[in-house]
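Work through the exercises below with the model open beside you. Try each task before you read its solution.

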Amino acid sequence: MQLQLASWPDIESYLARTHGILVPIGSTEQHGPTGFLGTDAIAAETVARGAGEAAGALVAPTIAIGMAEHHMAFPGTITLRPSTLIAYVRDYVLSLAAHGFARFLFVNGHGGNVPTVKAAFYEIEAERRARGQGEDGDFRCRIVNWYDGPTVSSVIRQTFGAREGSHATPSEVSVTLHAYPDHRHDRPLDPPVASGSPFYGAADFRRRHPDGRIGSDPSLASAEHGRRIAEAAIADLATHYRGFMAER
Ligand code: NI
C-alpha cells in the first residue's frame, strides 16, 4: 500500500496492526549521458513498492531530491544542502511518528545521502530524548541501500562484473529501464568503461569524469536485467523489513 494512495481510515487501521513503514529516498542528479536524472529516486521507489507488496508494508512518498552537491556541474541536478535534508527528514519522520509509526526503514538509492540521513536520525533521537520520548527503545530508524542486499549484490556482480562501477551503473540504469521501458536514451560512451578516480567537489568531478559516469559501462543496461535485479532487491528488502519489524 502506498501512503499517498490511501485514505486516513486506511492508515488508522494499518496502525492498529503494525507501526512499520518503508521510506524510499533517492536523488535528482546526472547519471551519465544515458541515465535518467531521476535514476536514484526511481530505483529506490521501484524496490520499496515491490517489497511493500511482498511484506504487507506501507510505502511512504519518495524523497526524490537528496544531497547531490558533487553533481552540480551537470545541468538538471537538484541538491539539498545537508542541513536542509536533515531538517526535511526530521520533519518527515516526526510527522509520521506523531501518528504512531515507530519503525522507519529508509530504502536508499544514492550513496551520497547516507551520512546526512544518519545525521538526521541522530537529530530525531536527540529531539525525542529532549521530549522524554523513546525510553522503551521501540522507535527505530534505519537506512539501507537497495543494491546492497545479499541476493541483489550477487546478481549485479554476476551480470556486470567490474563494469558495474560506482556511478551511473548498469544495474541502476537497468532498474529504471524496467520501470520506464519507453524512455531509453542511447548515446555512444567513450571510453566504454569510465575512470574510477576520486574527486573533490563539483567542478573537479566534471573535470575528472567529463560525461558523469564513475567506473561504469551503462551501455550494458537493459529492462530485462532490470527486472531480474529489481526482483532480487525486492526479495532482499522484504526479508530485511520483516527482520527489522521482528527486532526487540
Ligand atoms: Ni545513482
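**Exercise 1. Charges over rings**

Find the ring that lies under the charged end of R103, then find the ring that R128 covers.

Step 1. The charged end of R103 sits over the ring of F244, 5.9 Å from its centre. A charge counts as over a ring if NZ of Lys or CZ of Arg is within 6 Å of the ring centre and within 35 degrees of the ring normal.

Step 2. R128 lies over the face of F139, at 3.8 Å from the ring centre.

A note on the model: it is predicted, so local features need pLDDT of at least 70, side-chain atom pairs count only at pLDDT 80 or more, and totals for chains, interfaces and linings use all residues. Residues are numbered from 1 along each chain as its sequence is written, and side-chain values use heavy atoms, with hydrogens and water left out.

**Exercise 2. Aromatic pairs**

State how many aromatic pairs the structure holds, and classify the pair F36 and Y180.

Step 1. There are eight aromatic pairs in the structure. Rings of Phe, Tyr and Trp (its six-membered ring) pair if their centres lie within 6.5 Å; planes under 30 degrees apart are stacked, over 60 edge-to-face, and the rest tilted.

Step 2. For F36 and Y180, the centres are 6.5 Å apart and the planes stand at 75 degrees, so the pair is edge-to-face.

Step 3. F36 lies in the loop between β1 (20–25) and α2, and Y180 in the loop between α6 and α7 (201–208), so the pair ties together parts 144 residues apart in sequence. Helices (H or I, at least four residues) and strands (E, at least two) are DSSP runs, numbered from the N terminus.

Step 4. F36 counts as buried at 10% relative accessibility, whereas Y180 is partly exposed at 39%. Buried means under 20% relative accessible area, exposed over 50%, and partly exposed in between (1.4 Å probe, protein chains only).

Now take F104 and F139: what type of pair do their rings form?

Step 5. The ring centres of F104 and F139 are 5.6 Å apart and the planes are at 50 degrees, so this pair is tilted. It links distant parts of the chain: F104 is in strand β3 (residues 103–108), and F139 is in the loop between α4 (114–130) and β4 (140–145), 35 residues apart. Both F104 and F139 are buried.

Step 6. Ring pairs also link F74, F199 and F205 into a cluster.

**Exercise 3. The nickel site**

List the donors of the nickel ion and give their spacing along the chain.

Step 1. H31 (NE2), D40 (OD) and E172 (OE) coordinate the nickel ion at 1.9 to 2.2 Å. Donors are N, O and S atoms within 2.8 Å of the metal (3.2 Å for Na, K and Ca); water is not among the atoms, so sites may look incomplete.

Step 2. The donors follow the spacing H-x8-D-x131-E. D40 in helix α2 (residues 39–55) and E172 in helix α6 (residues 170–179) are 132 residues apart, so this pair links distant parts of the chain.

Step 3. Check burial. D40 is buried, with a relative accessible area of 2%. E172 is buried too, at 7%.

**Exercise 4. Two buried helix residues**

Describe the surroundings of V173, then of A238.

Step 1. V173 is found in helix α6 and is buried, with a relative accessible area of 4%.

Step 2. Leaving out residues up to four places away in sequence, V173 touches G35, A168, P218 and A221. Contact means heavy atoms within 4.5 Å.

Step 3. One of these partners, A168, lies in the loop between α5 and α6. A168 has a positive phi of about 55 degrees although it is not a glycine. A168 counts as buried, at 0% relative accessibility.

Step 4. A238 is in helix α8 (residues 223–246) and counts as buried at 4% relative accessibility. With the same sequence neighbours left out, A238 touches A51, A54 and A55. A238 and A55 are 183 residues apart in sequence and 5.4 Å apart in space, C-alpha to C-alpha.

**Exercise 5. A cis bond**

Which residues does a cis peptide bond join?

Solution. The bond joins D190 and P191, with omega about -5 degrees. P191 is found in the loop between α6 and α7.
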